[in-house]
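Q: I have this model open and want to go through it piece by piece. Can we start with the helices and then move around?

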Amino acid sequence: MGASHPPTLPQGSIEQRSRRAPCRSCGHVGLDPVLDLGAMPHSDGLLSSPAQIASEPRWPLELAFCNRCTLVQILETVPPEVLFGADYPYFSSFSDSWVAHARACAHELIARQGLGGQHLAVELASNDGYLLRHFKEKGVPVLGIDPAPGPAAAAEKIGVPTRVAFFGIELAKALRAEGKRANVLIANNVLAHVADTNGFVQGIAALLADDGVASIEFPYLRDLIDKCAFDTIYHEHLCYFSMHAVDALLARHALHVNEVRRLATHGGSLRLYVEKVRRARPTVEALLAEEKHLGLDKASYYRAFSDRVRDLGDKMRKLLAELRAQGKSIAVYGAAAKGTIMLNWVHAPKGTLAYAVDRNVHKQGRLMPGVHLEIKDPAVLLQDRPDYLLILPWNLTDEIVAQQQAFRAAGGKFIVPVPEPRVIA
């Protein structure tokens, strides 16, 4: 630590790798480079021992654009067993705002589809049962599918049956053979995570009942670019969808986007309502037309992004250095995946940041990837009273500031890094 920028790959490597890379959606070979974040650690790969620190892996993190189907994607594929294995630390239920979002989503789908005891709600990447529990409470049978044993076990404890597996066409066929068809299929923030993009969508088409609806949410590429949210680019997120790109992917498997909504979650997301028959509402064509007008379907839209990312990193580095020069103490809130990318990109000198805090008890006592900050219980903030708290899950700023009113009342201030570094007194 202490260099002005994080380590990067050899000059020109992203251009070479982009030229020979096949698109994850349409298979077209030859992508346009967008952004090179260098070699980054596993964003959720929290560490617990000196041996893990010594052997911590890093992989290239490079973003590219497909001129044929407009999909933006990273070039490197880290094995999913590495990213979502037994040690996966993300539990959805620790975010109050996300739990409230899930409850509203479930209740709307139950009413929209008229679900009852004879129907089935399936969630892909069901995590700790945070969403399906609301279907179960209303008497709707549920099935969760998630590859991470820890969150799946937590779901089972609250009565949400969960299949510990990666979802794709083979699992969908096996479930169909068991007589299961999804009247509602939910896929929130998972479409971007799967290496076999087409096999995953094939599986959705196979498992979805003929009159069923798939509710699919994902961070919206336009918001990522507009807000310079580069920290949401990490190895778990293989794809970054515009409406054009996701529409082309789903249509390839005879699935139709019939409604789309823009959401505030995760810094800006889309929710799609997908069915096997075409009956698109005006929102779909309107968003496609808007994207075309803005140029999201052209490589030129993304060309300035790399400079903006470097500029944001420089501003964050300068702000932290100025505060430390004034003798101010700075802690970090939220050992989130996006926080790993932000801290490793900013690459502040050792000692600039004191430690991290996180409500998730599964993260406490461990170290953040790459920068190796210790993760503590947020209660420590009122004991140590750091001057500033850097909020890494910036999309939850309002929730975190509300939770930390005692810290604020004691004179503590907050730093929010995206879309521009700023201080909240």
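A: Start with helix α13 (residues 337–346): 10 of its 10 residues are buried, so α13 is largely enclosed by the rest of the structure. Buried means under 20% relative accessible area, exposed means over 50%, and partly exposed is in between, with a 1.4 Å probe and protein chains only. Helices are DSSP runs of H or I with at least four residues, strands are runs of E with at least two, and both are numbered from the N terminus.

Q: Before we go on, what sort of model is this, and how are residues numbered?
A: This is a predicted model, in which local features need pLDDT of at least 70 and side-chain atom pairs count only at pLDDT 80 or more, while totals for chains, interfaces and linings use all residues. Residues are numbered from 1 along each chain as its sequence is written, and side-chain values use heavy atoms, with hydrogens and water left out.

Q: Back to α13. Which residues are buried in it?
A: A337, K338, G339, T340, I341, M342, L343, N344, W345 and V346.

Q: And what do they pack against?
A: The buried residues of α13 pack against β1, β2, α12 and β15. Contact here means heavy atoms within 4.5 Å.

Q: What comes just after α13?
A: H347, with a positive phi of about 55 degrees.

Q: Which residues other than glycine have a positive phi elsewhere?
A: T70 has one of about 75 degrees, and R385 has one near 50 degrees. T70 is in the loop between β2 (58–65) and β3 (72–74), and R385 is in the loop between α14 (381–384) and β15 (388–391).

Q: Buried or exposed, for T70 and R385?
A: T70 is buried, at 7% relative accessible area. R385 counts as exposed, at 52%.

Q: Which peptide bond is cis?
A: The one from V418 to P419, with omega near 5 degrees. P419 sits in the loop between β16 (413–416) and β17 (422–424).

Q: Sheets next. How is the one with β17 ordered?
A: It is an open sheet of 6 strands with mixed pairing, in the order β14-β13-β12-β15-β16-β17. The edge strands are β14 (375–376) and β17, and each of them pairs on one side only. Two strands pair if DSSP finds at least two bridges between them.

Q: How do β13 and β14 pair?
A: In the parallel sense, over 2 bridges. One pairing puts A356 opposite I375 of β14 as its bridge partner.

Q: And the sheet with β1 and β2?
A: That is an open, antiparallel sheet of 4 strands, ordered β1-β2-β3-β9. β1 (32–41) and β9 stand at its edges with a single partner strand each, so one side of each is left without a neighbour in the sheet. β1 and β2 are joined by 7 bridges, and M40 has W59 of β2 as its bridge partner.

Q: What about S25, where is that?
A: S25 is in the loop between α1 (13–20) and β1. S25 counts as buried, at 5% relative accessibility. Apart from neighbours within four places in sequence, S25 is in contact with C69, L71, N198, L249 and R252.

Q: Which residues touch the most other members of the largest nonpolar core?
A: F230, I233, L272 and F305, out of 120 residues in that core. Helix α12 (residues 305–325) gives the most to this core, with 7 residues. A second, separate core of 20 residues includes W98, L109, Y130 and V142. A nonpolar core is a set of buried Ala, Val, Leu, Ile, Met, Phe, Trp, Tyr and Cys residues joined through side-chain atoms within 4.5 Å.

Q: Last topic: how many cavities?
A: The count is 2 cavities of 30 Å³ or more. A cavity is a set of points on a 1 Å grid over the protein atoms alone where a 1.4 Å probe fits but cannot get out, and lining residues have an atom within 4 Å of a point. Points are joined across faces, edges and corners, and the volume is the space filled by probe spheres set on them.

Q: What are their volumes?
A: The largest has about 80 Å³, and the second largest about 40 Å³. The lining of the second largest includes T77, H193 and L238.

How values were computed:
1 Å grid on protein atoms, 1.4 Å probe; cavity = no way out; pocket = protein on both sides within 12 Å on 5 of 7 lines; lining within 4 Å.
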